[in-house]
Amino acid sequence: MRIVKTRDYADMSRKAANIISAQIILKPDCVLGLATGSSPLGTYEQLVDWYRKGDLDFSGVTTINLDEYRGLDRKDPQSYYYFMHTNLFDRVNIDTARTNIPNGMELDEKKECDRYEKLISDLGGIDLQLLGIGHNGHIGFNEPCEIFEKETHCVNLTESTIEANQRFFETADQVPRQAYTMGIGTIMRAKKILLVASGEEKAEILKQAFYGTITPNVPASILQLHPDVTLVADKAALTGINHG
Ligand code: GLP
């Protein structure tokens with residue numbers, strides 16, 4: 001595991017965007033695994049900026065997102081579909097036919113999960129997977145539980161995640177209770193992983209995830225077993241980790 005310590009959120013975002021840019025430059029037809037949340041927002045902003053300056057070309061890139069709320073329409077401003085389009089896809093020259101997000105409106109769980117898992121395998125796997133981390137150690141929407149889920153599945157969100165994500169909705173009641181997410185196995189099959197984290201409220205969970213026991217109770221802890229993980233985090237998020 002590599003740890004890249006940054007000054008602050010803006011510095012974290014630029015460094016993470018640099019790593020994604022390098023991936024696109026080295027392999028213009030790469031498959032990028034993408035994430036939502038406030039952590040990667042600045043990274044997307046930076047990528048858009050470099051695209052506008054003519055330094056990045058997304059025309060050959062395929063994307064596959066980690067997760068989506070179940071039951072939210074694409075047009076819903078809280079859907080991850082909407083998030084990805086407004087923050088990245090509609091602002092760069094990506095072919096939207098090559099952007100993939102679980103279909104939250106497909107109520108047949110098995111059908112949707114099988115479709116998504118097959119899609120990733122047909123694409124030849126993920127070259128670089130971008131991740132944030134939840135306060136309880138979730139990655140994608142893999143919540144703490146008894147086992148590491150191998151494949152894309154439908155999850156019941158925990159109360160702490162519903163509470164954390166409530167800030168994007170008017171009331172907690174409006175936060176969907178379920179989501180489709182790539183499994184831990186799906187994420188672990190990505191060739192490279194880039195996790196971004198910012199702020200002292202992520203310090204304790206980062207310490208547990210990267211230096212604690214590997215357990216499905218802290219889903220991100222499995223990343224300790226991945227051969228190519230880069231953590232880009234600001235110094236506030238790294239206060240629990242004694243890193244240079
Ligand atoms: C959500 C997403 C995760 C994300 C997490 C942390 O629940 N499903 O993919 O990593 O929140 O979000 P934030 O970056 O806003 O702290």
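Helices here are DSSP runs of H or I with at least four residues, numbered from the N terminus. By that reckoning, His85 sits in helix H3. Keep that residue in mind, as we'll come back to it after a look at the whole chain. One thing to know up front: this is a predicted model.

**The overall picture**

The protein has seven helices and 10 strands. Its C-alpha trace spans about 50 × 45 × 35 Å along the principal axes. A compact globule of 244 residues would have a radius of gyration near 18 Å, and the protein comes in at 17 Å, so the two agree. Buried residues account for 55% of the 244. As for who touches whom, take the contacts between residues at least 6 apart in sequence: 79% of them join residues at least 24 apart.

**H1 against H2**

Let's start at the N-terminal end of the helix list. Two packed helices are described by the angle between their axes and the distance between the axes. For helix H1 (residues 9-26) and helix H2 (residues 41-52), that angle is about 60 degrees and the axes are 8 Å apart. Angles from 65 to 115 degrees would count as roughly perpendicular and those under 35 as roughly parallel, so H1 is oblique to H2. The crossing of H1 past H2 is right-handed.

On the H1 side, the contact is built from Tyr9, Ser13, Arg14, Ala16, Ala17, Asn18, Ile20 and Ser21. H2 answers with Leu41, Gly42, Thr43, Gln46, Leu47 and Trp50. Sorted by class, that contact has seven nonpolar, six polar and one charged residues.

What about Leu26, buried or exposed? Leu26 belongs to H1, and with 75% relative accessibility it counts as exposed. Its C-alpha is 26 Å from that of Asp234, with the two positions 208 residues apart in sequence.

**H2 against H3**

H2 also packs on H3, at an angle of about 35 degrees and with the axes 10 Å apart. Here Leu41, Tyr44 and Val48 of H2 meet Phe83, Met84 and Asn87 of H3. By class, this contact of H2 with H3 has five nonpolar, one polar and no charged residues. Leu41 turns up on the H2 side of the contact with H1 and again in the contact with H3.

**What covers H3, and where His85 fits**

Which residues of helix H3 (residues 80-87) are buried? They are Tyr80, Phe83, Met84, His85 and Asn87. The cover over them includes H2 and helix H5 (159-165), along with strands E2 (31-34), E3 (62-65), E4 (67-69) and E5 (99-100).

Back to His85, then. At 11% relative accessibility it counts as buried, because the cut-off is under 20%. Leaving out residues up to four places away in sequence, His85 touches Asp90, Thr96 and Thr99. The C-alpha atoms of His85 and Thr96 are 9.0 Å apart, at a separation of 11 residues along the chain.

**Three buried loop residues**

Some residues outside the helices and strands are tucked away too. Met182 is in the loop between strand E8 (178-181) and helix H6 (184-188), and with a relative accessible area of 0% it is buried. Beyond neighbours within four places in sequence, its contacts include Ile64, Asn65 and Leu66, then Tyr116 and Ile120, and also Glu151, Thr152 and His153. Ile187 is another of the residues in contact with Met182.

Ala190 lies in the loop between H6 and strand E9 (192-197). At 3% relative accessibility, Ala190 counts as buried. Its contacts, again setting aside neighbours within four places, are Ile126, Gln129 and His226. Ile126 and Gln129 also appear among the contacts of Met182.

Ser221 is in the loop between helix H7 (203-211) and strand E10 (229-234). Its relative accessibility is 0%, so Ser221 counts as buried. Outside the four-place window, Ser221 is in contact with Phe148, Ala209, Thr213, Ile214 and Thr215.

**Sequence gaps and spatial gaps**

Here are some C-alpha pairs side by side:

| Pair | Apart in sequence | C-alpha to C-alpha |
|---|---|---|
| His85 and Thr96 | 11 residues | 9.0 Å |
| Met182 and Ile214 | 32 residues | 19 Å |
| Ala190 and Ile120 | 70 residues | 9.9 Å |
| Leu26 and Asp234 | 208 residues | 26 Å |

Note on methods
Residues are numbered from 1 along each chain as its sequence is written. This is a predicted model: local features need pLDDT of at least 70, side-chain atom pairs count only at pLDDT 80 or more; totals for chains, interfaces and linings use all residues. Side-chain values use heavy atoms; hydrogens and water are left out. Axes are lines fitted to C-alpha atoms, for helices over the stretch in contact, and angles run from 0 to 180 degrees between N-to-C directions. Helices (H or I, at least four residues) and strands (E, at least two) are DSSP runs, numbered from the N terminus. Angles under 35 degrees count as roughly parallel, over 145 as roughly antiparallel, 65 to 115 as roughly perpendicular and the rest as oblique. A crossing is left-handed if the near helix is turned anticlockwise from the far one by less than a right angle, and right-handed if clockwise. Contact means heavy atoms within 4.5 Å. Ala, Val, Leu, Ile, Met, Phe, Trp, Tyr, Cys and Pro count as nonpolar, Asp, Glu, Lys and Arg as charged, and the others, Gly among them, as polar. Buried means under 20% relative accessible area, exposed over 50%, partly exposed in between (1.4 Å probe, protein chains only). The radius of gyration is taken over C-alpha atoms; the globule rule is 2.2 Å times the number of residues to the power 0.38.
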